[in-house]
Amino acid sequence: SSSSSSSRIPTTTRRRVVASANDDDADAGAEKKKKPATSVTTAADTMSALDALLGAAEETPTDEDDPPPPPPSTKITIDATKPGARSSPSPSPFASALTEAPSTPSASEPDYDPDFDPLGLGPRWDVPWGWPTTLGTLFLVDAMFYVSGALAPALVYSAARDPLEMPLDSEREFAYDFGLVMDDPANFSDVIVLAEVIQCVATFAILAAVTAPKRPLPPGWFQFSVTGDKNNAAEDVEGKVVAREEKKKKRGNGLLGGMMWGNLLERGGGLDDGEEERGAGTDAAAAAEKERSVSSSRAKKNKAVAAQKKRSAEWLGEAGNSVLIVWLAVLGITALSYALGLRGDDVGSEGGGVIEKAFKAGPRGAWSIFLTTVVLAPIIEETVFRGFLLPSLTKYMPTWNALAVTTVVFALVHDHNTGDTLQLLCVGAVAGSVYCRTRNLAASVLVHASFNLGVLFLFSAWTNSG
């Protein structure tokens with residue numbers, strides 16, 4: 001095999017190899033003169049090995065100028081300088097912004113401390129979506145407001161006119177005929193109810209579609225209970241304050257566990273995993289002090305849980321107190337508005353014309369305006385503003401901040417004058433507070449409905465007295 005391999009090696013290369021091998025053998029022979037045959041054997045063995053090596057190199061030639069191949073790695077890299085190389089396009093900033101992060105609360109989020117919650121609003125909600133979902137949902141709900149406002153009159157007009165009687169050939173005549181139909185108080189009251197029904201169906205369909213991928217939702221979302229079940233809304237507080245502490249213990253140590261919400265809950269009065277390790281060498285007095293701090297924190301949180309359960313079970317009383325607060329505040333705001341000239345004979349509520357026109361239809365119109373403003377509108381608006389927007393904002397701010405923002409948005413989206421806006425700020429603040437305290441939408445709906453009912457009653461009394 002040695003002769004066959006050497007036949008493929010150039011003569012010059014073989015001579016150089018043999019000369020090098022003989023020089024090595026000569027050096028070895030000088031040191032080991034008693035073994036001259038060893039150098040011959042060593043040269044022959046070296047020649048055979050080099051023949052085999054050089055023969056294999058001829059079969060698989062390599063370019064000495066090329067860098068050695070990189071070590072195996074699981075990371076895939078692409079050299080954009082080589083022809084034909086392709087790389088995945090990086091996502092645009094807009095696409096990155098719309099990509100929602102996991103719903104894990106931020107590590108900087110403070111623990112809920114009942115001592116800093118005098119109104120008893122409770123801790124934040126667990127929000128399973130980000131701001132793109134929140135804004136997108138509000139946009140769709142607002143868009144459906146305009147859709148229902150355009151669709152309801154068209155449906156009422158189609159029902160009031162025979163298709164053959166519609167002046168479709170002339171745009172001017174059609175607009176005039178359409179106005180005549182809408183001027184009828186009975187048709188107008190039908191438009192009010194139909195538009196609110198369309199808006200109600202569309203709103204709940206949008207919310208159902210948005211929340212479907214996140215079901216089952218965390219405790220405390222869209223709670224509506226008329227029975228005052230003790231395990232209803234209070235489960236949200238208990239889940240954040242108590243159950244998550246037990247879940248944290250079961251998870252054990254680890255970086256991921258230290259980043260979760262359960263670990264944050266213990267930081268108010270206890271130790272996280274890293275602190276436990278660092279505090280292993282503390283003296284007995286420090287350990288006892290920390291244990292007392294843990295016990296005190298848990299006692300306060302358990303007290304908050306008990307209070308939340310009580311308010312949830314007695315939501316009707318909470319709602320009754322809130323209704324009284326709303327009306328005392330509204331009466332004061334109304335008197336102040338008249339004193340400042342924000343209300344009067346020429347600057348009343350813009351909604352008064354709608355109510356007055358509906359009342360002209362008799363009992364049918366009165367029933368329509370009652371169903372719209374006292375039943376459907378409070379359910380829709382409380383579900384959107386207090387049931388969806390307020391909890392969603394608590395992912396980025398404390399509960400009381402989310403309550404303030406929701407209150408302002410609620411008042412501004414209503415197209416009213418300054419006096420009405422002040423009243424709606426009061427209604428929104430009280431309705432949001434009672435919802436946070438009870439975590440029951442039935443309470444905030446009752447507050448909202450009582451205000452609208454009172455407005456209808458006062459308007460009816462005012463118009464009939466004249």
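1. Fold content. The protein chain comes out as 18 helices and zero strands, and keep in mind that this is a predicted model. Of its 466 residues, 38% are buried. Contacts reach a long way along the sequence: among those with a separation of 6 or more, 77% are between residues 24 or more positions apart. The chain has an accessible surface of about 27,300 Å², and carbon and sulfur atoms hold 62% of that.

2. The α15/α16 pair. If you want one helix pair to look at, try α15 (residues 363-393) with α16: their axes come within 9 Å and cross at roughly 145°. The crossing is right-handed. On the α15 side the contact is made by Glu381, Phe385, Arg386, Leu389, Leu390 and Leu393. From α16 the partners are Ala402, Leu403, Val405, Thr406, Val409, Phe410 and Val413.

3. A nonpolar patch on the outside. Val408, Leu412, Leu422 and Leu425 make up a nonpolar surface patch, with about 330 Å² of accessible area together. Two elements, α16 (399-413) and α17 (418-438), each give two or more residues to this patch. Take Leu422 as an example: this residue sits in helix α17 and counts as partly exposed because its relative accessibility is 35%.

4. Salt bridges, the count and the α6 case. There are five salt bridges by the distance rule used here. As background, side chains of opposite charge can pair when their charged atoms come close. One of the five is Asp177 with Arg161, where the closest N and O atoms are 3.1 Å apart. Asp177 belongs to helix α6 (residues 171-183) and Arg161 to the loop between α5 and α6, 16 residues apart. The two ends differ in cover: Asp177 counts as buried at 12% relative accessibility, while Arg161 is partly exposed at 24%.

5. Salt bridge from α15 to α7. Arg364 and Asp190 also meet through their side chains, at 2.3 Å from N to O. Arg364 is in helix α15 and Asp190 in helix α7, so this pair ties together parts 174 residues apart in sequence. Both ends are partly exposed: Arg364 has a relative accessible area of 44%, and Asp190 comes in at 23%.

6. Salt bridge from α13 to α17. Here Glu318 pairs with Arg437, and the closest N and O atoms are 3.0 Å apart. This is another link between distant parts of the chain, with Glu318 in helix α13 (residues 315-339), Arg437 in helix α17, and their positions 119 residues apart. Glu318 is buried, at 17% relative accessible area, whereas Arg437 is partly exposed, at 22%. The cut-off matters for reading those two values: buried means under 20%, so Glu318 falls on one side and Arg437 on the other.

7. Pro153 in α5. This proline lies in helix α5 (residues 131-160). Is Pro153 buried or exposed? Pro153 counts as buried because its relative accessibility is 12%. Leaving out residues up to four places away in sequence, Pro153 touches Ser148, Phe178, Met182 and Val191. Val191 is 38 residues away along the chain, yet the C-alpha atoms of Pro153 and Val191 are separated by 5.6 Å.

8. The loop between α7 and α8. Most residues other than glycine have a negative phi, and most peptide bonds are trans. Two spots in this loop are worth a look on that score. Arg215 and Pro216 are joined by a cis peptide bond, with omega about 0°, and Pro216 is found in the loop between α7 (185-211) and α8 (234-251). Phe222 is found in that loop too; it is not a glycine, but its phi is positive, at about 55°. Phe222 is partly exposed, with a relative accessible area of 24%.

9. Arg439. What is the phi of Arg439? The value is near 55°, positive in a residue other than glycine. Arg439 lies in the loop between α17 and α18 (441-465). With a relative accessible area of 0%, Arg439 is buried.

Terms used:
Residues numbered from 1 in each chain as written. Predicted model: local features only at pLDDT ≥ 70, side-chain atom pairs only at ≥ 80, totals over all residues. Heavy atoms only, no water. Helix = DSSP H or I, 4+ residues; strand = E, 2+ residues; numbered from the N terminus. Buried < 20%, exposed > 50% of the residue type's maximum accessible area, 1.4 Å probe, protein only. Contact = heavy atoms within 4.5 Å. Patch = residues over 30% accessible without salt bridge, like charges linked within 9 Å, V, L, I, M, F, W, Y side chains within 5 Å. Areas by Shrake-Rupley, 256 points an atom, 1.4 Å probe, with all protein chains shown as cover. Salt bridge = Lys/Arg side-chain N within 4 Å of Asp/Glu carboxyl O. Axes fitted to C-alpha atoms, helices over the stretch in contact; angles between N-to-C directions. Left-handed = near helix turned anticlockwise from the far one by under 90°.
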